[in-house]
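Open the model in your viewer and keep the selection panel at hand. The stops below run from an annotated segment to the nucleic acid, then to a helix.

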Number of protein chains: 4
Amino acid sequence: MTSPATRRQGSTTQPVPQRLLAAATRLFADRGYDRTSVQEIVEAAGVTKGALYHYFGSKDDLLHEIYGRVLRLQQERLDAFAEADAPVEQRLRDAAADVVVTTIENLDDASIFFRSMHQLSEEKQKQVRAERRRYHERFRALIEEGQKAGVFSTATPADLVVDYHFGSVHHLSTWYRPGGRLTPQQVADHLADLLLRALRP
Amino acid sequence: MTSPATRRQGSTTQPVPQRLLAAATRLFADRGYDRTSVQEIVEAAGVTKGALYHYFGSKDDLLHEIYGRVLRLQQERLDAFAEADAPVEQRLRDAAADVVVTTIENLDDASIFFRSMHQLSEEKQKQVRAERRRYHERFRALIEEGQKAGVFSTATPADLVVDYHFGSVHHLSTWYRPGGRLTPQQVADHLADLLLRALRP
Amino acid sequence: MTSPATRRQGSTTQPVPQRLLAAATRLFADRGYDRTSVQEIVEAAGVTKGALYHYFGSKDDLLHEIYGRVLRLQQERLDAFAEADAPVEQRLRDAAADVVVTTIENLDDASIFFRSMHQLSEEKQKQVRAERRRYHERFRALIEEGQKAGVFSTATPADLVVDYHFGSVHHLSTWYRPGGRLTPQQVADHLADLLLRALRP
Amino acid sequence: MTSPATRRQGSTTQPVPQRLLAAATRLFADRGYDRTSVQEIVEAAGVTKGALYHYFGSKDDLLHEIYGRVLRLQQERLDAFAEADAPVEQRLRDAAADVVVTTIENLDDASIFFRSMHQLSEEKQKQVRAERRRYHERFRALIEEGQKAGVFSTATPADLVVDYHFGSVHHLSTWYRPGGRLTPQQVADHLADLLLRALRP
DNA sequence: AATGAATGAGACTTCATTCAT
DNA sequence: TATGAATGAAGTCTCATTCAT
């Protein structure tokens, strides 16, 4: 009884909202939020406009949902690594490498995340920035912990170190291509290594 | 005798194309390329739409011009530092710090540069990527030179090191605010220092 | 309960696409394709621009639709006359007269048809020319049949005879005015007669 | 001292107004009056916009000039043939063939003539129609002379016969291609022959 | 006799969203 | 839960024409 249209993507198995989110993610990453029309999203998801507006209040809601998904995932993982039972150097290295791997594995999310903040409504932006700050602070705390313990250099303010590392994470979607010379794990190890080497006292 | 319209921005002294470019830069950085209308640009520049299209073939041409300006400037500066008569550590440190200062001094250009590539026509993107690559390679050569000379660690491929540093430059427009705790030069020194420390053998 | 806008033209009974096509036909014939704005069309049809673009991909699509309508009609009628069970002179005369009557009855279509080919996209022009050729060839075949049978003169190549007759059909929209001295049928009979007389051996 | 721009077309020898008219004729025939921009005309003529507006009051003036040129030429030639010292059949045949040859030799003029009437201002259209009528009447008079003399059939009103023939002339620009199977003179002879055969009593 | 920068109106088209069904 | 026709505002761009030089 399913219409042929709903069968695209071989994803009739997935519920409609997920299908919409997946289609939107791919398209937003590909051509940018403003260049993606609602029509294109619903076509890619194999549904109609009415369905989209049934589940999401607006196009901008879709974007917000994507932001939420990324933020939740990254925060959870960081929390896990930060709370682990290991020396601070190890915990920082693991967290730093993990965010790289996770970012590469969701490169579309990353492209969107760093490029589309402005398209969110002012209110939603505020919310995202707040969660982002929480994440940033947890990461910074890790560095400060090491600095206080004397295992990390205090030459550079911890804040700046966080931004230094996250700059490289942000940049991944610009240059990393799946199937490239290095595996995600190798890239992650290298970048975490650079961070730790820079922090040597 | 000058009409009121030409007086906006008190910039009647500057020629029209420059005025348009300045207005476009500010607006593109503020609200993004797609969210800026041609109407807004010409109003900010105090001219009419016809005048804009007299000098620029399209909105996209304005963006391309901005890219060209940034690329020319950065390449010139990098070339100068790379060719200087000094040890390679010094030349790399100077170049790495300079690109940070220059980026902060033209933060609008930077916001646009890293966020708006996709809005360029495919052809213009190709051109920009080619010039970008030239820049990247020059920077990488500096690192490789130090690695061969044994003053830089070879633990990380030079390519990746370049991307690590430029990630942080890229990221500046996300977090740096003029009038912040650190001066541009201080930020630059810190970031260059992090790079050099990470490269210690 | 119908809004005032939908009532213009007293044509709320007709579906929107037909109303648009009718309005476009009248206007294109009146003032030419390029001189007719999309705004004028939707106003004449009593709908909004959005509605037009919901049904037609472009202004050029409207024109293409008009061409399609004319071509289908004329081809059908020619086929019917050509396949009739009658001597070839009779079949040619009937077909030649019929195209005149049909053209006069749809004079707007005819004005457009012969004047607006160039405004179609290259691709659509190709398509129209192909269908036009099919029509031309069917008509020519009728003449050649008569020439082989010895009832028509072979002094003039059949191709040229077809163009001779269709020139006069083409020309109708230039000079024929409804309510003129001659009825459509009379004009048709005269023109078909001229053709047949010119073909006498 | 002539700038490189004015040298295009190798036509620096011709005066500017003629060059503009020639360029306009070619372009109007190629892509239609409305689709041709003033910019394109001046570029093709190797002059600037100021020069065009120095010689012609408007774009529509250029078109009017083209109409005038065609009308003058055709009227002169028809007058010459009509007044010749020869039997009426011969005079009609010569005139009918001549207009075909002349039309083919100026096919661009013909395309424009039959397709662009509507782009003239109402006033200029009236003027053109008046001259056109004079031409038509002179041609019709020739046919009526033959009908009165009993050498042409009176089965068809002379008016309609004129339109029949001019339809075929009008149509030439649709199908005739230089370098085709038949020379202009051969086409002319065939079409004149068809006319005369149709008029056989 | 000629330039070319500038105007300003209007062209086609896109698009997020709504609403009766 | 879902449709898809329809809206209406806004978007980019074109162009004939003018005018100071």
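Select residues 37-56 of chain A: the span is 75% helix and 0% strand, and its end C-alpha atoms lie 15 Å apart. Helices here are DSSP runs of H or I with at least four residues, strands are E runs of at least two, and both are numbered from the N terminus. UniProt, in an unreviewed entry, places the feature "DNA-binding region" on these residues of chain A; such annotations may be inferred rather than shown by experiment.

This is a predicted model: local features need pLDDT of at least 70, side-chain atom pairs count only at pLDDT 80 or more, and totals for chains, interfaces and linings use all residues. Residues are numbered from 1 along each chain as written, chains are lettered from A and ligands numbered from 1 in written order, and side-chain values use heavy atoms, without hydrogens and water.

Next, show DNA strand F. It is surrounded by 25 residues, the closest being A:Thr48, A:Tyr55, B:Tyr53, C:His54 and C:Tyr55 (near means a heavy atom within 4 Å). Of the strand F atoms within 4 Å of the protein, 68% belong to sugar and phosphate. Zoom in on C:His54: a polar side-chain atom lies 2.4 Å from a phosphate oxygen of strand F. For a base, pick D:Lys49, with a side-chain N or O atom 3.0 Å from a base oxygen of strand F.

Finish on helix H9 (residues 184-199) of chain B. Here 12 of 16 residues are buried (under 20% relative accessible area, 1.4 Å probe, protein chains only). Among them are B:Leu191 and B:Leu195. Their cover includes helix H8 (158-175) of chain A.

Methods
Buried means under 20% relative accessible area, exposed over 50%, partly exposed in between (1.4 Å probe, protein chains only). Contact means heavy atoms within 4.5 Å. A polar contact is a pair of N or O atoms within 3.5 Å; within protein, one must be able to donate a hydrogen and the other to accept it, and residues adjacent in sequence count only if both atoms are side-chain atoms.
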